[in-house]
Amino acid sequence: MQSYSLFAPAKINLHLEIIGHRPDGYHELVMIMQSVNLGDVIHLRANGKDEIRLFCQNPEVPLNNTNLAYKAAHLMQQQFPKLAQNFGGFDIVIEKNIPVAAGLAGGSTNAAAVLVGINLMWSLGLTQPELRDLGALLGSDVPFCISGGTAIATGRGEQIEPLPDLSDIWVILAKYSNLSVSTPWAYNSYREQFNHLYISDSQGINQRTRQVHSGDLVKAISQRNSEQIGALLYNDLEKVVLPEFPTVKALIDAFKAENVLGSMMSGSGPTVFALCDNQNQAEAIANKVQKTINDSNLHCWVAQMCTHGIIKQ
Ligand code: C5P
């Protein structure tokens, strides 16, 4: 049986809107998600043993059954017990490049890579929609990470519809290594402060979702109008995260003071991204902002939007 290496891109949210409560305790969302080519590499091979073993050079990554990559492998073993019995467990090596607990779906994209990798390794022939259904059992962002590119995500975030591809736009990602934001905390704080604005009827939820579908950002994406895309970035979670983390707000302001297309927090943060039309400009602005803020905990990466999710290396 072969071993596989998979590239697992990070994601940013160009639009993250919280619409209402869901009976399952999650939030009804409408998001526009975008893959970027800053990614982890996942090496997967059968170990002939009865266990799933994780390896990672980054000590922040848990190497036990709390890791989503572990959960993905375990889920496949449960779904296909005969194959698990025949072929045994896996060694999963995670080459971590995506910052951890950053709002970039690092854990989710690792899980997505494990699902795609085991599908190949066991010759299961699962389709992308079937893989996304399995991914949804692991986390709300896993289904998007499987197919990636540019997409609108609704429901819990697990219902994915592709949008026209974007790949010309460059993305500066910036994160303080000493800051992390708990996603449940961000959503719970939002619920505490803003649940009076939630739409509770399914008709209203569908209507709002359709409005985003036919809205200006989707039009700008279809027209590949990078200026409009930058101007229309939107994230409800900024309302709770930025007041609590003023350095994240200051970072967004520092990018906005430069000639970027737009800047915003990704997901529940604390990573901030800024969009630029070309690589030189992105690198120059990343350097300048790092110099201006002058904090050794601030790290910047320059990446590009990409048109795919998990791919074989
Ligand atoms: O699905 P996932 O495990 O990635 O979600 C992490 C947390 O984010 C959930 O426990 C929940 O607090 C919050 N969340 C939410 N509504 C969503 C997605 C995530 O409230 N649609």
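1. Before getting to helix 3, a quick word on terms: helices here are DSSP runs of H or I with at least four residues, numbered from the N terminus. Keep in mind, too, that this is a predicted model.

2. On that count, helix 3 covers residues 106-121. Its 16 residues reach 22 Å from the first C-alpha to the last, close to the 22 Å expected at 1.5 Å a residue. After the helix comes Ser123, and its phi is positive, near 50 degrees.

3. Helix 3 is largely enclosed by the rest of the structure, because 14 of its 16 residues are buried. The cut-off behind that word is under 20% relative accessible area.

4. Now the ligand. The space it takes is the largest pocket. Two elements give two or more residues each to the shell around the ligand: strand 2 (27-46) and helix 6 (183-194). Helix 6 has the largest share, with 3 residues.

5. If you want to click through the residues around the ligand, they are Tyr26, His27, Leu29, Gly139, Ser140, Arg156, Thr183, Pro184 and Tyr187.

6. Polar contacts worth checking on screen: a polar side-chain atom of Ser140 sits 2.6 Å from a ligand oxygen atom, and one of His27 lies 2.8 Å from an oxygen atom of the ligand. With Arg156 it is a polar backbone atom, 2.8 Å from a nitrogen atom of the ligand. As for cover, the ligand taken alone exposes 450 Å², and the protein buries 76% of that.

Notes. Residues are numbered from 1 along each chain as its sequence is written. This is a predicted model: local features need pLDDT of at least 70, side-chain atom pairs count only at pLDDT 80 or more; totals for chains, interfaces and linings use all residues. Side-chain values use heavy atoms; hydrogens and water are left out. The expected span of a helix is 1.5 Å times one less than its number of residues. Buried means under 20% relative accessible area, exposed over 50%, partly exposed in between (1.4 Å probe, protein chains only). A residue is near a molecule or strand if one of its heavy atoms lies within 4 Å of it. A polar contact is a pair of N or O atoms within 3.5 Å; within protein, one must be able to donate a hydrogen and the other to accept it, and residues adjacent in sequence count only if both atoms are side-chain atoms. Accessible areas come from the Shrake-Rupley method with a 1.4 Å probe; for residues, only the protein chains shown count as cover. On a 1 Å grid over the protein atoms alone, a cavity is a set of points where a 1.4 Å probe fits but cannot get out, and a pocket is an open set with protein on both sides within 12 Å along at least five of seven lines; lining residues have an atom within 4 Å of a point. A molecule sits in a cavity or pocket if more than half of its atoms lie within 2 Å of its grid points.
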